[in-house]
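I opened this entry to go through the domains, the sheets, one helix pair and the ligand shell. My notes follow in the order in which I looked things up.

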Amino acid sequence: MKVVNSILELIGKTPMLKLNKLTKDIEAEVLVKLEYLNPTGSLKDRIALKMIEYAERDESLKPGYTIVESSTGNTGISLSFVGNMKGYKVVIYETIPGKMDKERVKIMESYGAEVHLTTLKMISELRDKSVMGAEVEIPGREICLKLEKRDPNVWWARQFSNPNNVAAHNETGREILAQTDGKVDAFVAAIGTGGTLMGVAEFLKEKLPDIRIVGVRPKGSKRPIIPGKPYPKTEISGGIISDMLERNLVDEIVEVSDEDAINMTHRLWREEGVFAGISSGANVLVAVKEAEMLGEGKRIVTVLPDSGDRYLTEEHFVT
Ligand SMILES: Cc1ncc(COP(=O)(O)O)c(C=O)c1O
């Protein structure tokens with residue numbers, strides 16, 4: 001075990017676990033990458049570090065600037081953590097009033113960030129104006145875009161379209177390939193921005209052209225993602241997801257209900273001792289179905305994006 005100089009060095013290089021109890025009647029293997037063991041408890045630490053460091057390098061982010069983002073939780077927490085460690089002011093626009101539990105806001109504030117809760121009135125006003133108004137982060141993104149246009153000392157991380165979100169997860173793909181000695185038959189991941197799925201798919205498909213890439217979405221998502229069909233892209237939406245579909249990186253999308261995701265998450269806690277969040281339950285549910293379908297000798301890999309601590313007040317399948 002070695003000693004590191006900065007907590008930022010502990011981002012990534014997460015361990016991988018083979019599930020046993022949840023797969024006891026299944027012949028294929030399911031391996032889960034424990035992304036909730038990143039320093040703030042989610043895989044968004046990877047992208048926060050990569051997006052900030054790259055912006056520093058190309059000088060779109062300079063000392064004295066303010067980092068802004070619209071986030072339902074994990075990215076806001078990770079940007080608060082990395083941004084604060086690097087001496088920036090961080091302002092997060094949280095976008096589901098009443099849905100975001102107080103713990104997430106407190107965590108961001110504890111790292112030193114300023115958090116603005118978007119009011120329901122603002123959301124309805126902005127939604128009326130917004131072309132793509134269905135997604136919860138859109139109103140916050142509109143605010144970030146305006147701030148960025150108005151103030152040259154504001155840097156908007158733009159996780160939904162920032163190529164360094166994808167690049168951070170190329171590294172996740174590289175870790176998966178090394179941890180499995182190059183044997184992966186399918187990769188499954190929930191889609192929020194699409195960064196995880198696209199970053200891993202981009203890396204693994206090049207090494208393993210026959211790999212199946214399966215995306216997971218909350219059931220009833222307002223704008224469906226359909227492999228082979230285009231997905232709209234604007235200044236405030238679409239980015240990575242549109243590129244991923246355009247490049248045919250996804251083989252299938254499976255929708256999972258809140259209830260099924262929550263049930264599988266509880267099984268992960270009790271049967272495997274893995275205290276991960278609700279999207280982890282959704283990912284595992286789909287990975288187990290893939291395992292049943294692919295059968296003996298096959299190996300399915302998925303990620304456990306965040307920690308169960310985030311869902312102590314509210315249990316929802318949030319990506
Ligand atoms: C809990 C959780 N699971 C899954 C995801 C999906 O990750 P990505 O944005 O890389 O698609 C996110 C973020 O959006 C998340 O916060």
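**Strand pairing and surroundings**

I began with strand β3 (residues 66–71), which is joined to β6 by three bridges, the two strands running parallel. For a single pair in this stretch, I noted that Ile67 has Trp155 in β6 as its bridge partner. I keep in mind throughout that the model is predicted.

I then looked up the sheet that holds these strands. It is an open sheet of four strands, in the order β5-β4-β3-β6, with parallel pairing. At its edges I found β5 (114–117) and β6 (154–156), each of which pairs on one side only. From one strand to the next, the twist averages 25 degrees.

**Second sheet**

Next I traced the open sheet of six strands, whose order is β1-β2-β10-β7-β8-β9 and whose pairing is mixed. Which strands stand at the edges here? They are β1 (16–18) and β9 (252–256); each has a single partner strand, so one side of each lacks a neighbour in the sheet. I recorded an average twist of 25 degrees from one strand to the next.

Within this sheet I checked one pairing. Strand β7 (residues 186–190) pairs with strand β10 (residues 299–303) in the parallel sense, over three bridges. Val188 has its bridge partner in β10, namely Thr302.

I also asked which strands α10 lies across. I listed β2 (29–33), β7, β8 (212–218), β9 and β10, and noted that α10 runs at about 155 degrees to β7.

**Helix pair α9 and α10**

I followed α10 to its contact with α9. Helix α9 (residues 258–272) packs against helix α10 (residues 278–294) at an angle of about 95 degrees, and their axes are 7 Å apart. α9 and α10 are therefore roughly perpendicular to each other.

I wrote down the residues that meet. From α9 they are Asp260, Ala261, Ile262, Met264, Thr265 and Leu268, and from α10 they are Ile278, Ser280, Gly281, Ala282, Val284 and Leu285. By class, the residues of this contact are eight nonpolar, three polar and one charged.

**Domains**

I turned to the domain assignment, which gives domain 1 as 7–37 + 163–311 and domain 2 as 44–156. The C-alpha centres of domain 1 and domain 2 are 24 Å apart.

How many residues of domain 1 are in contact with domain 2? I found 20 residues of domain 1 in contact with 20 residues of domain 2. On the side of domain 1 that touches domain 2, helix α6 (residues 163–179) gives the most, with seven residues. I split the residues of that side of domain 1 by class and got six nonpolar, eight polar and six charged.

**Ligand shell**

Last, I looked at the 15 residues around the ligand; those that come nearest are Gly192, Thr193, Thr196, Ser279 and Pro305. I asked which helix gives the most to this shell. Helix α7 (residues 195–207) does, with three residues. I counted the shell by class as five nonpolar, nine polar and one charged residues.

How values were computed: Residues numbered from 1 in each chain as written. Predicted model: local features only at pLDDT ≥ 70, side-chain atom pairs only at ≥ 80, totals over all residues. Near = placed C-beta within 6 Å. Nonpolar A, V, L, I, M, F, W, Y, C, P; charged D, E, K, R; others polar. Domains from an automatic or database assignment. Contact = placed C-beta atoms within 7 Å. Axes fitted to C-alpha atoms, helices over the stretch in contact; angles between N-to-C directions. Parallel < 35°, antiparallel > 145°, perpendicular 65-115°, else oblique. Pairing = 2+ DSSP bridges.
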